[in-house]
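Student: I'm new to this one and a bit lost. Could you pick one part, look at it closely, and then show me what sits around it?

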Amino acid sequence: MHVALALSAGAEIDLPEAAARHVQVLRLQPGAEVTLFDGRGGQWRAQVLQMGRRLVSVRVLEHVALERELPMPVTLALGVPANDRMDALVEKATELGVAAIQPLLMERSVLRLADERAARKVAHWQAVAVSACEQCGRNRVPELLPMRTLHEWLQLDAEPAQRLVLSLGPDTQPLPRVVALPATQPLTLLSGPEGGLSPVEEATVRDHGFQPVTLGTRVLRADTAPLAALSWFGVATAA
């Protein structure tokens, strides 16, 4: 269970509402052990001290240095898909090991949000990522970055990382041929919304050092393509 607190051995804490509710649903009793993580790596054994109708207190016992991350941190930048597909995309990308997600508004994006509405959506997706970590056993929560336009993001993205863009262009290279394994260098993967990147957008990102890659001869949906790439990273690096 995720706890947004800096944990330390011997500390006695009251669990946040969501974590407390989870303990209550499991009908755990004082003395039972639970596993907590604060997102900074590894996880913590803890023991339930007190169960109340709303309050659950625990004592933190010891840190377990367990990691389940990809060997290279992958930032997924993507044109936000329509409807509720983004929730599922964030959930599955988290399960597949993404380190950060950058939601982008692009020329062909259907969803258009700004200011407070955009911030609320990003906070919602961050909560989805936390839940996915709890489900799959990850103890580092991927960061949901503020929603930006493609132009804004390209001006900010100065991280020295291998840059790839999923492309339908004729001069692409297969993803496995481009990413040399074993890899530890940070990697940024850009994927477009429904309809893909516009010709102008594709030319722009290529000018910014993004190498066009393909996942095969079939045209994958906007919410399928980035997950297929992340799946390959996970399988290939585990081999």
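Tutor: Let's start with two rings: tryptophan 153 and phenylalanine 210 are both buried, where buried means under 20% relative accessible area, exposed means over 50% and partly exposed is in between, using a 1.4 Å probe and protein chains only. Before going on, keep in mind that this is a predicted model, in which local features need pLDDT of at least 70 and side-chain atom pairs count only at pLDDT 80 or more, while totals for chains, interfaces and linings use all residues. Residues are numbered from 1 along each chain as its sequence is written, and side-chain values use heavy atoms, with hydrogens and water left out.

Back to the rings. Rings of Phe, Tyr and Trp (its six-membered ring) pair if their centres lie within 6.5 Å; planes under 30 degrees apart are called stacked, over 60 edge-to-face, and the rest tilted. By that rule there are two aromatic pairs. In ours, the centres of tryptophan 153 and phenylalanine 210 are 5.7 Å apart with planes at 55°, so the pair is tilted. What does the pair link? It connects distant parts of the chain, 57 residues apart: tryptophan 153 is in helix α4, and phenylalanine 210 is in the loop between α6 and β12. As for those names, helices (H or I, at least four residues) and strands (E, at least two) are DSSP runs numbered from the N terminus. The other pair is tryptophan 232 with phenylalanine 233: the centres are again 5.7 Å apart, but the planes are at 65°, so this pair is edge-to-face. Phenylalanine 233 is buried at 0% relative accessible area, while tryptophan 232 is partly exposed at 23%.

Now step back along the chain from phenylalanine 210. Helix α6 covers residues 199-207, and its Glu201, Glu202 and Val205 are buried. Looking down the axis of α6, these buried residues fall within an arc of 100°, so they line one face of the helix; the arc is taken from the directions from the helix axis to the C-beta atoms. Pro199, Val200 and Asp207, on the other side of α6, are exposed. What covers the buried face? The cover includes α4 (150-156), β9 (162-166), β11 (187-191) and β12 (211-214), with contact meaning heavy atoms within 4.5 Å. Just after α6 comes glycine 209, with a positive phi of about 95°.

Go forward instead and you reach β12. Two strands pair if DSSP finds at least two bridges between them. β9 and β12 run parallel and are joined by three bridges, with leucine 164 standing opposite glutamine 211. β10 (residues 173-174) also pairs with β12 in the parallel sense, over two bridges, and here glutamine 173 faces valine 213. Threonine 214 belongs to β12 too, and it is buried, with a relative accessible area of 18%. The threonine 214 side chain reaches the backbone nitrogen of glycine 216 at 3.1 Å. Leaving aside residues up to four places away in sequence, threonine 214 touches Ser167, Thr172, Gln173, Pro174 and Leu175.

For another helix with a buried face, try α1 (residues 17-25), where Ala19, Ala20 and Val23 are buried. Down the axis of α1 these too fall within an arc of 100°, so they line one face of the helix. Glu17, Ala18 and Val25 are exposed on the other side of α1. The buried residues of α1 pack against β2 (33-36), β3 (43-51) and β4 (56-64). Those strands belong to an open sheet of four with the order β1-β4-β3-β2 and antiparallel pairing. β1 (12-14) and β2 are at the edges with a single partner strand each, so one side of each has no neighbour in the sheet. Between β2 and β3 there are four bridges, in the antiparallel sense, and threonine 35 stands opposite arginine 45 in β3.

One last oddity: arginine 27, in the loop between α1 and β2, has a positive phi of about 55° although it is not a glycine. Most residues other than glycine have a negative phi. Arginine 27 counts as exposed, at 69% relative accessibility.

Note on methods
Polar contact = N/O pair within 3.5 Å; in protein donor to acceptor, adjacent residues only side chain to side chain.
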